[in-house]
Amino acid sequence: MTINDFKKEKLLALKEKDQLRGDLFGMIISALQKEEIEKKVKNEELTDADISRILMKMNKELEDDKKMYQDNNRLDDVKNIERQIEILSPYLPKMLSEDEIRKQMDKSKPMKDVIASFKGKADIQLVIKIYKE
């Protein structure tokens, strides 16, 4: 996906009068444009890995917000966050399952190297847990 693809998605959402979806795509576009500007300063291009990293970060923030709202019993906000996560999920990279992580893990390497090899491919907390077993 590119920034333009997300702009098209936002336009479609606005045409359908789906405010929550439009707002989410607006936040995605803003985050991607900010990263693109930072990359241009360094004479670099925005890569698919950068886009995936930003989307995963946004998803994690939404999950954290959801937990906070649940803890504070704010059910309407929880529903909105769950819908945003649902909208975002098709754009996230496919994460490795626990079995796939176990098959690919090389415990003879230092933990930092193992973590680096799974970055963007798997839940790092799960990787650490499996590594420590």
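Arg53 counts as partly exposed, at 39% relative accessibility. This arginine is a good place to start, and please keep in mind that the model is predicted. Arg53 and Asp50 both sit in helix H3, three residues apart, which is about one turn of the helix. Salt bridges that share partners join these two with Glu35, Lys39 and Glu44 into one network. From here we can look at the charged pairs, and then at the pockets.

**Asp50 and its partner**

- Asp50 has its place in helix H3.
- Is Asp50 buried or exposed? Asp50 is buried, because its relative accessible area is 8% and the cut-off for buried is under 20%.
- Arg53 forms a salt bridge with Asp50, and their closest N and O atoms are 3.5 Å apart.
- Leaving aside residues up to four places away in sequence, Asp50 touches Glu35, Lys39 and Glu45.

**Other salt bridges**

- How many salt bridges does the structure hold? There are 14 of them.
- Side chains of opposite charge can pair when their charged atoms come close.
- One of the salt bridges brings together the side chains of Asp18 and Arg83, at 2.5 Å from N to O.
- This pair links distant parts of the chain, as Asp18 lies in the loop between helix H1 (3–15) and H2, Arg83 lies in helix H4 (residues 75–88), and the two are 65 residues apart.
- Asp18 is buried, with a relative accessible area of 14%, whereas Arg83 is partly exposed, with 33%.
- Another salt bridge joins Lys34 and Glu38, with 3.9 Å between the closest N and O atoms.
- Lys34 and Glu38 both belong to helix H2 and are four residues apart, about one turn of the helix.
- Lys34 is exposed, because its relative accessible area is 55% and the cut-off for exposed is over 50%.
- Glu38 is partly exposed, with a relative accessible area of 37%.

**The largest pocket**

- The largest pocket holds about 530 Å³ of space.
- Its lining has 16 residues, and those closest to the centre of the pocket are Met56, Lys60, Met95, Ala122 and Ile124.
- Which helices each supply at least two residues of this lining? They are helix H3 (48–71) and helix H7 (124–132).
- Helix H3 gives the largest share of the lining, with eight residues.
- By class, the lining of the largest pocket divides into six nonpolar, four polar and six charged residues.

**The second largest pocket**

- The volume of the second largest pocket is about 160 Å³.
- Ala31, Lys34, Glu35, Glu38, Arg53, Ile54, Lys57, Met58 and Glu61 line the second largest pocket.
- You have already met some of these residues: Lys34 and Glu38 form a salt bridge, while Arg53 is the salt-bridge partner of Asp50.
- Helix H2 (19–41) and H3 each supply at least two residues of the lining of this second pocket.
- Helix H3 provides the largest share here, five residues.
- What classes of residue make up the lining of the second largest pocket? There are three nonpolar and six charged residues, and no polar ones.

**To take away**

- Helix H3 gives the largest share of the lining of the largest pocket, and H3 gives the largest share of the lining of the second largest pocket too.
- Helix H3 also holds Arg53 and Asp50, two members of the network with Glu35, Lys39 and Glu44.

Notes
Residues are numbered from 1 along each chain as its sequence is written. This is a predicted model: local features need pLDDT of at least 70, side-chain atom pairs count only at pLDDT 80 or more; totals for chains, interfaces and linings use all residues. Side-chain values use heavy atoms; hydrogens and water are left out. On a 1 Å grid over the protein atoms alone, a cavity is a set of points where a 1.4 Å probe fits but cannot get out, and a pocket is an open set with protein on both sides within 12 Å along at least five of seven lines; lining residues have an atom within 4 Å of a point. Grid points are joined across faces, edges and corners, and a volume is the space filled by probe spheres set on the points. Ala, Val, Leu, Ile, Met, Phe, Trp, Tyr, Cys and Pro count as nonpolar, Asp, Glu, Lys and Arg as charged, and the others, Gly among them, as polar. Buried means under 20% relative accessible area, exposed over 50%, partly exposed in between (1.4 Å probe, protein chains only). Contact means heavy atoms within 4.5 Å. A salt bridge is a side-chain nitrogen of Lys or Arg within 4 Å of a carboxyl oxygen of Asp or Glu.
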